[in-house]
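This report goes through the pockets of one protein model, the surroundings of its ligand and one residue in a loop. Please look over the sequence and the structure before reading on.

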Amino acid sequence: MASRVLVLISGNGSNLQALIDASRANPSTLDASIIHVISNKKTAYGLKRAANAGISSTYHNLLAYKKENPNNPQEARQAYDVDLAKLILAQTPDLVVCAGWMHILSPAALDPLKEAGVDIINLHPALPGQFDGANAIERAYEAFQRGEITKTGIMIHYVIAAVDRGTPIIVREIEMIKGESLEDLENRMHAVEHVEIANGTRMALEEREKNKQTSE
Ligand code: GRF
């Protein structure tokens, strides 16, 4: 039976689309079903992509939690993450894929997934240990202009509480090109992401299957 994959998004959702397409192509590309999408942004275009593909989705809104805890943003995030884990687990996924998900996941979200045996991976547009966090492509581009780096890359990695620092599953280096615009670099990187998000998801599911067999 195809594995159950839940996808977290915040924006355009082109990587979600790549996953949907791969899961609906040959099962050797990705033997998985995208069962649900959660967005922390109401206007994320990825929500439309999910609807167009007949996939259910949830908008999980941090602002509502901030309103309930106006003087304690930490508590608001904690409560948000607790409920995020509940929303995820209610869908009984095997694997969660963060595909352009722009919200840092705290142990309040990660621990319940771990306890339930649900793996979680993330796509990050930088090489391991370089440009953690937001705007990684722009920061790499600027570093190249300053002559500090000659290549950047993308990775798919397991998610831990430290942002963009979990064990890598796939690392793909991308050479920087002199005179290239930021937009062209972004497009080149997205093209690599769209292939590797499906490969990384498949590899995480294969690893999960292997671990299940050895623990049986
Ligand atoms: C990707 O570049 C991803 O690596 C980054 O945000 C972008 C999301 O793009 N973290 P999309 O929403 O999948 O189109």
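With 4 residues, α5 (107-115) gives the most to the lining of the second largest pocket. Helices (H or I, at least four residues) and strands (E, at least two) are DSSP runs, numbered from the N terminus. The model is predicted: local features need pLDDT of at least 70 and side-chain atom pairs count only at pLDDT 80 or more, while totals for chains, interfaces and linings use all residues. Residues are numbered from 1 along each chain as its sequence is written, and side-chain values use heavy atoms, without hydrogens and water.

Besides α5, β5 supplies at least two residues of the lining of the second largest pocket. Among the residues that line this pocket are Pro 107, Leu 110, Tyr 158 and Ile 160. A pocket here is an open set of points on a 1 Å grid over the protein atoms alone, where a 1.4 Å probe fits, with protein on both sides within 12 Å along at least five of seven lines; lining residues have an atom within 4 Å of a point.

The two pockets are set side by side below.

| Pocket | Volume | Nonpolar lining | Polar lining | Charged lining |
|---|---|---|---|---|
| Largest pocket | About 910 Å³ | 17 residues | 16 residues | 6 residues |
| Second largest pocket | About 310 Å³ | 8 residues | 1 residue | 3 residues |

The largest pocket has 39 lining residues, and Gly 100, Trp 101, Met 102, Leu 123 and Pro 125 lie nearest its centre. Its lining takes at least two residues from each of α1 (14-23), β5 (119-124), α6 (136-145) and α7.

Gly 100, Leu 123 and Pro 125 are also among the residues around the ligand, meaning that each has a heavy atom within 4 Å of it. Others around the ligand include Ser 14, Asn 15 and His 190. A polar side-chain atom lies 2.5 Å from a ligand oxygen atom in the case of Ser 14. For Asn 15, an N or O atom of the side chain is 2.8 Å from an oxygen atom of the ligand, and for His 190 the distance from a polar side-chain atom to a ligand oxygen atom is 3.4 Å.

The last residue to describe is Glu 180, in the loop between β7 (168-175) and α7 (182-215). Is Glu 180 buried or exposed? Its relative accessible area is 14%, so Glu 180 is buried (under 20%, with a 1.4 Å probe and protein chains only). The side chains of Glu 180 and Arg 188 are joined by a polar contact of 2.8 Å (a pair of N or O atoms within 3.5 Å, one able to donate a hydrogen and the other to accept it).

Conventions: Buried < 20%, exposed > 50% of the residue type's maximum accessible area, 1.4 Å probe, protein only. Points joined across faces, edges and corners; volume = space filled by probe spheres on them. Nonpolar A, V, L, I, M, F, W, Y, C, P; charged D, E, K, R; others polar.
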